[in-house]
Amino acid sequence: RDCHCDLPSTAPQSSTAMPLSYIKEAIRDHTAQTPGSVDPKVVATVTAMMAEIEKNGEEACLKYCRDLDKWEGPAVVSKEEIERKCAMVSDQTKRDIQFAVKQVRAFAEKQMASIQGFTADIGEGVTAGQKILPMTTAGCYVPGGRYSHIASAVMSVTTARVAGVKNVIVASPPKNAKDGVHEAIVYAANLAGADTILTLGGVQAIAALRFGLFSGFPADILVGPGNAFVATAKKLSYGACAIDMFAGPTEIAVIADKTADAEVVAVDIVSQAEHGPTSPCWLITLDEKLGRDVAARIQPLIDDLPEPNRSVADEAWRNYGEIILASTREEAVAKSDAYAPEHLEVQCEDLKWWLDNLQSYGSLFLGEEVCVTHGDKSSGPNHTLPTMGAAKYVGGLSIHKYIKIVTFQSCTKEASARMGAASARISRAEGMEGHARAADVRIKKYQVAASKL
């Protein structure tokens, strides 16, 4: 296989940047994809499906479910079916899911406690403040295609519940034509606090969540990962409701120095490559020997995976894998921040320095002891994270996505007149006479002396 691992190569850079040396360079450019970029054919397909479901409602939704997923059963998972499926889950799996829910809830509660409402006298007779209000309804999509994303149910539902969302609706595709939603997903969603679980996947699931089909509660926000069709349906819904983010292929970057264990680094890279054939995997190393050692280990680790994981990881590493040799810590930081990876592991000395200096990432994993798998499944911080460079300007799914920070204000009559004079003058400077008169009428009514204005 062509791993591009023979000699360091120098990639062209701008005149102001030092050239970068690559022990392995990606064949394909991951920056060709940007947040929200979508194949026009996918957009056309999704647009037509969403329009049909909006027009014809639940029956259109069920028809797509029959045609695409071969599911003939009901859309809503009944209370009895939830109990039956939960009974199918092993005790060990239940304990593991309980652990994950506990951790995610604990972190979400800390986030919630960090956001405060307030009322304050801000001077000039004005009282103002902010309130923290949860959204009314969250639509949580939980993938169940190549993998059954138990952890996605934990992350999205638990966080919504801690935020105080009133209605939490989960949709997940049937695992096959007769068994419906994966039993562990049902258990996780139910344990985390979902009000309704729908046996729906793909575009029809997003449409049902958005329009409130089968539940009566249209989503104020749509969250959760999914394929290109799911992501496009969410994108087309944005504006009518909120979404968590425009999601792309999952990413991992590892920054490692000479103290890192090459086997651990290689295993971590391969663990994320199995997500999908377009998942970028980057190693930025300060030590060439380590970089070459990791490069030599990755392909055997990929070959040892079961199918279909092996083929997926092989394609991802071949086309999107990179090993970059940085000459300084600062250069490593600059390269990592330029990529703004979804997941960023640091396996180096002086972890606090890296925490203080790295700026752009979805979630940061400091030290060999913690890895992306922990964050993906059970450590506590949310695993729904920005991709394709979006971490330069946005964070991942959190309490903040499910709440609104709204403001309020009141004032004394004298303050109304005093503000009115300034506001009227600003309004007239802008040419907005109607605005000015709304201020003037209060000045006149409250009869505040002109000397006080």
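**Exercise 1. Burial of helix α5**

Task: In this predicted model, list which residues of α5 are buried, and state what covers them.

Solution.
Step 1. Apply the cut-off: a residue is buried when its relative accessible area is under 20%.
Step 2. The residues of α5 that pass are Glu 183, Ala 184, Ile 185, Val 186, Tyr 187, Ala 188, Ala 189 and Ala 192.
Step 3. Helix α5 covers residues 183–192, and eight of its ten residues are buried, so the helix is largely enclosed by the rest of the structure.
Step 4. The cover over these buried residues includes the helices α2 (79–88), α3 (91–113) and α4 (150–163), together with the strands β6 (167–172) and β7 (196–199).
Step 5. After α5 comes Gly 193, which has a positive phi, near 120°.

**Exercise 2. A salt bridge within α1**

Task: Describe where Lys 63 and Asp 67 lie, and decide whether each is buried, partly exposed or exposed.

Solution.
Step 1. The side chains of Lys 63 and Asp 67 form a salt bridge with an N to O distance of 2.8 Å.
Step 2. Both residues belong to helix α1 (residues 40–69) and are four residues apart, about one turn of the helix.
Step 3. An α-helix has 3.6 residues a turn, so residues three or four places apart point the same way.
Step 4. Lys 63 has 41% relative accessibility and therefore counts as partly exposed. Asp 67, at 38%, also counts as partly exposed.

**Exercise 3. A salt bridge between a loop and α7**

Task: Locate the partners Asp 244 and Lys 234, and give the relative accessible area of each.

Solution.
Step 1. Asp 244 and Lys 234 meet through their side chains in a salt bridge, 2.7 Å from N to O.
Step 2. The pair links distant parts of the chain, ten residues apart: Asp 244 is in the loop between β9 (242–243) and β10 (252–256), while Lys 234 is in helix α7 (residues 228–237).
Step 3. Asp 244 has a relative accessible area of 3% and is buried. Lys 234 is buried as well, with a relative accessible area of 3%.

**Exercise 4. A pair in α9, and a network**

Task: Characterise the salt bridge of Arg 292 with Glu 288, then name the residues that salt bridges with shared partners join into one network.

Solution.
Step 1. The closest N and O atoms of Arg 292 and Glu 288 are 3.0 Å apart.
Step 2. The two residues are separated by about one helical turn, because they stand four residues apart in helix α9 (residues 288–303).
Step 3. Arg 292 is partly exposed at 27% relative accessibility, and Glu 288 is partly exposed at 33%.
Step 4. Elsewhere, salt bridges that share partners join Arg 428, Glu 433, Arg 437 and Asp 440 into one network.
Step 5. In total, the structure holds 18 salt bridges.

**Exercise 5. Global descriptors**

Task: Summarise the protein by its secondary structure, extent, burial, contacts, surface and charge.

Solution.
Step 1. The protein contains 15 helices and 15 strands.
Step 2. Its C-alpha trace spans about 85 × 60 × 45 Å along the principal axes.
Step 3. Of its 453 residues, 49% count as buried.
Step 4. Among contacts with a separation of 6 or more, 72% come from residues 24 or more positions apart.
Step 5. The exposed area is about 21,300 Å², with 53% supplied by carbon and sulfur atoms.
Step 6. The protein has 47 positive and 55 negative charges, and the mean positions of the two sets are 10 Å apart.

How values were computed. Residues are numbered from 1 along each chain as its sequence is written. This is a predicted model: local features need pLDDT of at least 70, side-chain atom pairs count only at pLDDT 80 or more; totals for chains, interfaces and linings use all residues. Side-chain values use heavy atoms; hydrogens and water are left out. Buried means under 20% relative accessible area, exposed over 50%, partly exposed in between (1.4 Å probe, protein chains only). Contact means heavy atoms within 4.5 Å. A salt bridge is a side-chain nitrogen of Lys or Arg within 4 Å of a carboxyl oxygen of Asp or Glu. Accessible areas come from the Shrake-Rupley method with a 1.4 Å probe; for residues, only the protein chains shown count as cover. Lys and Arg count as positive and Asp and Glu as negative; His and the chain ends are not counted. The place of a charge is taken as NZ of Lys, CZ of Arg, CG of Asp or CD of Glu.
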